[in-house]
Amino acid sequence: MKVKVVIFDWDGTLVDSVEHIAESLHQAATDLGYPQLEREAYRDIIGLGMVEALEKLYPGISREEMNAIREGYGRYFFSKVTTPQNVFDGMADVVTDLRGSGRGCSVATGKSRRGLDMALVSSGLGDHFDITRCADETRSKPDPAMLEEIIRFYGIEPTEAVMIGDTRYDLDMAQRLGMPSIGVEWGVHKRDVLEDYAPHAIVDTVVDLRRVLGL
């Protein structure tokens, strides 16, 4: 696949953090007396900004209640530091080899800027990315604002980049902008969900991802 820039989602695509996010949300909400939801409900909102995620989980939630859950979530989530061991096997090499081939690499994530900045350092991946965009500094997926800002940074057209992600929100975001996408099946959503957004490819192994990217 001949593109100038590869844009990665973070949680569930580069880093194995989906279950930790779901558990942190579950703990924060139930601590405050909110009903326990099915684990799949917590998983399904991963990729959205926190405000959008909580509005989907708990329709009608007030801003005050939302802030209380966010505070609790932060305590649980940041009690565990992302390390290089949390990066999916082979994905650090994918990013390294993309850079070696002269392609730009960036991140578009539903994480907060605070959370991503910490994870970029502790995961060891930070030096690989030219630009990163987070939901709390622009608009949440599936709005394509993050992708628009990234391609503006590079001075390229949407068709000259590819979005790689594990959720419907990643692929929907790319489709809205006319950007090709690649879905990965090792995160939140599986093929039957991802294929609704007409991705260039859906892969279930890092080997297959390397093949699609021409590495």
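**Pocket lining and the buried side of helix α5**

Helix α4 makes the largest contribution to the lining of the largest pocket, supplying five residues. The model described here is predicted, and in it this pocket encloses about 550 Å³ of space. Its lining comprises 28 residues, of which M50, Y73, G110, K111 and S112 sit closest to the pocket centre. Besides α4 (63-77), the helices α1 (18-31), α3 and α6 (113-123) each provide at least two lining residues. In chemical character, the lining of the largest pocket splits into twelve nonpolar, eight polar and eight charged residues.

Helix α3, one of the contributors to this lining, spans residues 50-57 and includes E52. With a relative accessible area of 34%, E52 counts as partly exposed, because this value falls between the 20% limit for buried and the 50% limit for exposed residues. Although E52 and R139 are 87 residues apart along the chain, their C-alpha atoms are separated by 10.0 Å.

A further point of interest is helix α5, which runs from residue 91 to residue 100 and has M91, V94, V95 and L98 among its buried residues. These four lie on the same side of α5, because they cover an arc of only 95 degrees around the axis. The cover over the buried residues of α5 includes two strands, β1 (5-8) and β2 (104-109), together with helix α10 (206-213). Just beyond the end of α5, G102 adopts a positive phi of about 90 degrees.

Definitions and conventions: Residues are numbered from 1 along each chain as its sequence is written. This is a predicted model: local features need pLDDT of at least 70, side-chain atom pairs count only at pLDDT 80 or more; totals for chains, interfaces and linings use all residues. Side-chain values use heavy atoms; hydrogens and water are left out. Buried means under 20% relative accessible area, exposed over 50%, partly exposed in between (1.4 Å probe, protein chains only). On a 1 Å grid over the protein atoms alone, a cavity is a set of points where a 1.4 Å probe fits but cannot get out, and a pocket is an open set with protein on both sides within 12 Å along at least five of seven lines; lining residues have an atom within 4 Å of a point. Grid points are joined across faces, edges and corners, and a volume is the space filled by probe spheres set on the points. Ala, Val, Leu, Ile, Met, Phe, Trp, Tyr, Cys and Pro count as nonpolar, Asp, Glu, Lys and Arg as charged, and the others, Gly among them, as polar. The arc is that of the directions from the helix axis to the C-beta atoms. Contact means heavy atoms within 4.5 Å.
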